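Could you walk me through this model in the viewer, one selection at a time? I'd like to know what to pick next and what is there.

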Amino acid sequence: MSTGWPLWEVFVRARRGVNHVHFGSVHAADGETALQAARDLFTRRQEGVSMWVVKSTDVVASDPDDEGELFDPAEGKDYRFPTDYELPAEVDHM
Amino acid sequence: MIRNEDQFDAVIEADQRIESDDWMPEEYRKTLVRQIAQHAHSEIIGMQPEGAWITRAPSLRRKAILTAKVQDEAGHGLYLYGAAETLGVDRGDLLDLLHTKKQKYSSIFNYPTPTWADVGAIGWLVDGAAIMNQVPLCRCSYGPYGRAMVRICKEESFHQRQGFQIMLTLAQGTDAQHQMAQEALNRWWWPSIMMFGPPDTESVHNARNMAWGIKRYTNDELRQNFVDASVPQAEVLGLTVPDSDLVWNEERGHYDFGEPDWEEFARMVRGEGEMPAERIRTRLDAHNGGAWVREAAEAYAAKHEEIAA
């Protein structure tokens, strides 16, 4: 039987200096208990130093059908990459 | 989590990173807000001297490259405003400080770009100097700033190479094109040298910012690195660096070089002359010209909220 509890997306910062990264999700009645559940579920081996939980329904995701329209235009623009510029060997480390 | 000065000092001492929810000294916060904001302002003002050449770039490929580069500068500005906002300030307020000249941007963008070769020289020298400054900032003690810099440095690497390639094409071209490249080098060499800021003996916050891990190298150290890297590159181009004191010092293992015109630097930092006024005017025109778009977006969002309710 469903608990009716909302789903929460969990983000964990592994250590100082790096971003919070999506780890997975938990069901919980509120944000506070979601944090506790996420702590028990994802950080039993010191995986993190800081955690965020965000209600899954608050995440606005791109439509998979839009993938081409959104991301294909970046294709074939090799000039955005340093490898597209041939330079003499003496300065190629630039 | 850091709750007091002792814990803050311990993290700095261990060369670890400070994050936005940590306690930090007020001066550390203020220094970072000012530095990150001025860095962000420099990125978006920096769109102007090169943006002016997009319509006049000599081929479709050069137009596409320059458009991509100017887009990158806009993106870098946004990464940095985002990093500044983690310190509890608002992007709109920072833009107001730029528009009212209460915060500065890099004075390098107060120099004009009269020829296509200036676009090449900016990529080679100005972006080269910026990379020299920015690579150590990836290890800045403030986490969100360091992470923004990692992304920026990664994207920036094509900027310098495309600039050098423009210079190379011109330098190997006709006599007139070669001359155009030399004149651009003459215009941009000293301003680029001055991008690293005043000499260490006159830099007010050097020691404290080094101790806090905001800075990793002094202005003079970075300047020396830049000269050592750029002189051999000028030789590959077959161009002459406009410094009669420039000579390889075997003993030091570095180039000795002349003293820039620090009075000119001071004038540029103060924003005197027509160019700084024009930069802010252009920025304000873009900002005010976009107001109707922001209003329309808000009206659209409000209408949809109404329908959903």
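Here is a tour that starts where the chains meet, goes on to the nonpolar cores and ends at three single residues. Keep in mind that this is a predicted model.

**Stop 1: where the chains meet**

Begin by showing chain A and chain B together. On the chain B side, 25 residues are in contact with 18 residues of chain A. Putting the two together buries about 2,100 Å², and carbon and sulfur atoms give 55% of that area. Now select B:R147, B:F158 and B:R161: these residues of chain B lose the most area to chain A, together 32% of what that side buries.

Next, look at the polar side of this interface. There are 4 salt bridges across it. For one of them, select A:R16 and B:D22, whose side chains meet with N and O 2.6 Å apart. Between the two chains, 12 residue pairs are in polar contact, counting pairs with both residues at pLDDT 80 or more.

Which helices of chain B should you colour here, as each supplying at least two residues of the side that touches chain A? Pick α4 (60–85), α7 (143–171) and α10 (219–237). The largest share, 9 residues, comes from α7(B). Coloured by class, the side of chain B that touches chain A shows 12 nonpolar, 7 polar and 6 charged residues.

**Stop 2: the nonpolar cores**

Now move to the largest nonpolar core, which has 80 residues. Select B:Y142 and B:W189, the two that touch the most other members. Helix α6 (residues 116–137) of chain B gives the most to this core, with 11 residues. Then centre on B:W189 and show what surrounds this side chain: beyond four places in sequence, B:W189 touches B:L125, B:F226, B:V227, B:S230, B:V231, B:V241, B:P242 and B:D243.

Apart from that core lies another, of 9 residues; select A:V10, A:V12, A:V26 and A:A38, which are among them.

**Stop 3: B:N219**

Go back to helix α10 of chain B and select B:N219. Is this residue buried or exposed? B:N219 counts as buried because its relative accessible area is 6%, which is under 20%. Turn on polar contacts and follow the side chain of B:N219 to the backbone oxygen of B:P198, at 2.9 Å. Another polar contact, of 2.4 Å, joins the side chains of B:N219 and B:K215. To fill in the surroundings, add B:F196, B:G197, B:P198, B:D200, B:S203 and B:N206, the residues in contact with B:N219 once its neighbours within four places in sequence are left aside.

**Stop 4: B:S42**

Select B:S42 in helix α2 (residues 26–45) of chain B. At 10% relative accessibility, B:S42 is buried. The side chain of B:S42 reaches the backbone oxygen of B:Q38 at 2.7 Å, and a polar atom of that side chain lies 2.8 Å from the backbone nitrogen of B:S106. Leaving aside neighbours within four places in sequence, show B:Y105, B:S106 and B:F109 as the contacts of B:S42.

**Stop 5: B:A302**

Finish on helix α13 (residues 291–308) of chain B, where you will find B:A302. With 43% relative accessibility, B:A302 is partly exposed. As a last step, draw a distance from the C-alpha of B:A302 to that of B:G271: the two are 31 residues apart in sequence and 41 Å apart in space.

Methods:
Residues numbered from 1 in each chain as written. Chains lettered and ligands numbered in written order. Predicted model: local features only at pLDDT ≥ 70, side-chain atom pairs only at ≥ 80, totals over all residues. Heavy atoms only, no water. Contact = heavy atoms within 4.5 Å. Buried area = accessible area lost by both parts, 1.4 Å probe. Polar contact = N/O pair within 3.5 Å; in protein donor to acceptor, adjacent residues only side chain to side chain. Helix = DSSP H or I, 4+ residues; strand = E, 2+ residues; numbered from the N terminus. Nonpolar A, V, L, I, M, F, W, Y, C, P; charged D, E, K, R; others polar. Core = buried A, V, L, I, M, F, W, Y, C linked by side-chain atoms within 4.5 Å. Buried < 20%, exposed > 50% of the residue type's maximum accessible area, 1.4 Å probe, protein only.
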